[in-house]
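Hi,

Here is the structure I promised to pass on. Have a look at it first, then read my notes underneath.

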Amino acid sequence: AVKLQPDMELVGVADVVSDYRVQAGAMLDLPIYASLPEKIEGMEAAGIPIKGTLDDLLNQVDAVVDCTPKGIGAKNLERYLAAGVKALYQGGEKHSLTGHSFVAQANYETALGRDATRIVSCNTTSTVRTLLALYNAGLLKKARGVLIRRATDPWESDHSGIMNTVIPEPHIPSHQGPDAQTVVPDLDIVTIAAKASHTQTHNHYWVVEMTRGASCDEVLDAFRAAPRIAFVRMQDGIVALNSTIELMKDLGRPRGDMWEVALWEDVLTVQGNELFYTYQVFNEAIVTPEK
Ligand SMILES: NC(=O)c1ccc[n+]([C@@H]2O[C@H](COP(=O)([O-])OP(=O)(O)OC[C@H]3O[C@@H](n4cnc5c(N)ncnc54)[C@H](O)[C@@H]3O)[C@@H](O)[C@H]2O)c1
């Protein structure tokens, strides 16, 4: 995503492992750095040309996107700030780490000038994106959502993951509702979540109390006015999560990514002032901020 931005340069990528993912980066001529100096030897032994340490990289950049596992990024913040480098975090870190959580179309302005922000998770991004569309159209009173999450990242399917069961999250609200309120504090929202045994993408079901009765077309127009909500239809054969995955590959999307929320247009239903809809969330590109 950084390489696609005309106003950005990807100066380097730092990691601590030397597996096929980092090797692929080296094959694509990405400058590779070692996040920890003690990892240089092992990474070089695996044939990865190492340009230097994370500190060497920080000396050359204006901003860093920290995608490290939960908790590691938090430890790095002081280091980034000391080097005068702005930092972007992800949903695995706490809101309190940066004091600002970010969804591009919701609060771009309040991110300006900050040293660090946290781009919320895929599920929270989709929640804010859709509910804000209703809010901006004056239709949103309160929202209650059920999230069926994928079991694990596809690339980690061999490490862990659940099979032939569904695991309810032990707490209501699940973290996505309060997380959405870190971006839009006014949202009246409760989320319930469960993990299912598939590995690709998430699926949400929403029941929304609107401020008044509205037609399906008016609601769809509110969603159409928001960036990066795409409509899919059962009648076109998009009948399940796997259909959209095939469609993205057929369209030649890089890595089969879908960066829009895929909302089922012909499932959405209104009864009086109650609105019901379901959508699909690809867990990777969805959070990449739009220009
Ligand atoms: N994967 C998702 O879809 C997703 C979605 C939203 C938020 N997140 C959050 O993003 C973070 C990363 O998730 P992930 O699934 O990509 O994790 P991951 O375990 O795949 O790790 C990400 C990368 O960090 C590297 N790494 C590990 N230890 C490191 C260290 N000490 N220093 C530097 N790099 C190190 C790993 O080798 C890997 O390349 C987590 O906090 C997660 O909660 C992930």
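Below is what turned up, starting with the ligand and ending with two backbone oddities.

Before anything else, keep in mind that this is a predicted model.

**The ligand**

Start with the ligand, which has 16 residues around it. Asp 15, Ser 35, Lys 70, Gln 90 and Asp 153 are the closest of these. If you sort the shell by class, you get six nonpolar, five polar and five charged residues. Both domains take part here: domain 1 (13–119) and domain 2 (122–287) each give the shell at least three residues.

A few polar contacts are worth clicking on. The side chain of Gln 90 has an N or O atom 3.0 Å from an oxygen atom of the ligand. For Arg 150, a side-chain N or O atom is 3.4 Å from a ligand oxygen. Asp 153 pairs with a nitrogen atom of the ligand instead, and a polar atom of its side chain lies 3.0 Å away. On its own the ligand has 820 Å² of accessible area, and the protein covers 72% of that.

**The cavity**

Next, empty space inside the protein. Searching the whole structure gives one cavity of 30 Å³ or more, and the volume of the largest cavity is about 60 Å³.

Where does the largest cavity lie? Its lining takes residues from both domain 1 (13–119) and domain 2 (122–287), so the cavity lies between them. Among the lining residues are Phe 102, Ile 119, Arg 129 and Pro 289. Two helices, α6 (104–111) and α7 (122–136), supply at least two lining residues each. By class, the lining splits into seven nonpolar, three polar and two charged residues.

**Two backbone oddities**

As background, most peptide bonds are trans, and most residues other than glycine have a negative phi. With that in mind, here are two places to check.

One is the peptide bond from Ile 172 to Pro 173, which is cis, with omega near 0°. You'll find Pro 173 in the loop that runs between β9 (167–168) and α8 (176–183).

The other is Asp 29, which is not a glycine but still has a positive phi of about 65°. Look for Asp 29 in the loop between α1 (20–27) and β2 (32–34).

Cheers

Terms used
Residues are numbered from 1 along each chain as its sequence is written. This is a predicted model: local features need pLDDT of at least 70, side-chain atom pairs count only at pLDDT 80 or more; totals for chains, interfaces and linings use all residues. Side-chain values use heavy atoms; hydrogens and water are left out. A residue is near a molecule or strand if one of its heavy atoms lies within 4 Å of it. A polar contact is a pair of N or O atoms within 3.5 Å; within protein, one must be able to donate a hydrogen and the other to accept it, and residues adjacent in sequence count only if both atoms are side-chain atoms. Accessible areas come from the Shrake-Rupley method with a 1.4 Å probe; for residues, only the protein chains shown count as cover. Ala, Val, Leu, Ile, Met, Phe, Trp, Tyr, Cys and Pro count as nonpolar, Asp, Glu, Lys and Arg as charged, and the others, Gly among them, as polar. Domain bounds come from an automatic or database domain assignment. On a 1 Å grid over the protein atoms alone, a cavity is a set of points where a 1.4 Å probe fits but cannot get out, and a pocket is an open set with protein on both sides within 12 Å along at least five of seven lines; lining residues have an atom within 4 Å of a point. Grid points are joined across faces, edges and corners, and a volume is the space filled by probe spheres set on the points. Helices (H or I, at least four residues) and strands (E, at least two) are DSSP runs, numbered from the N terminus.
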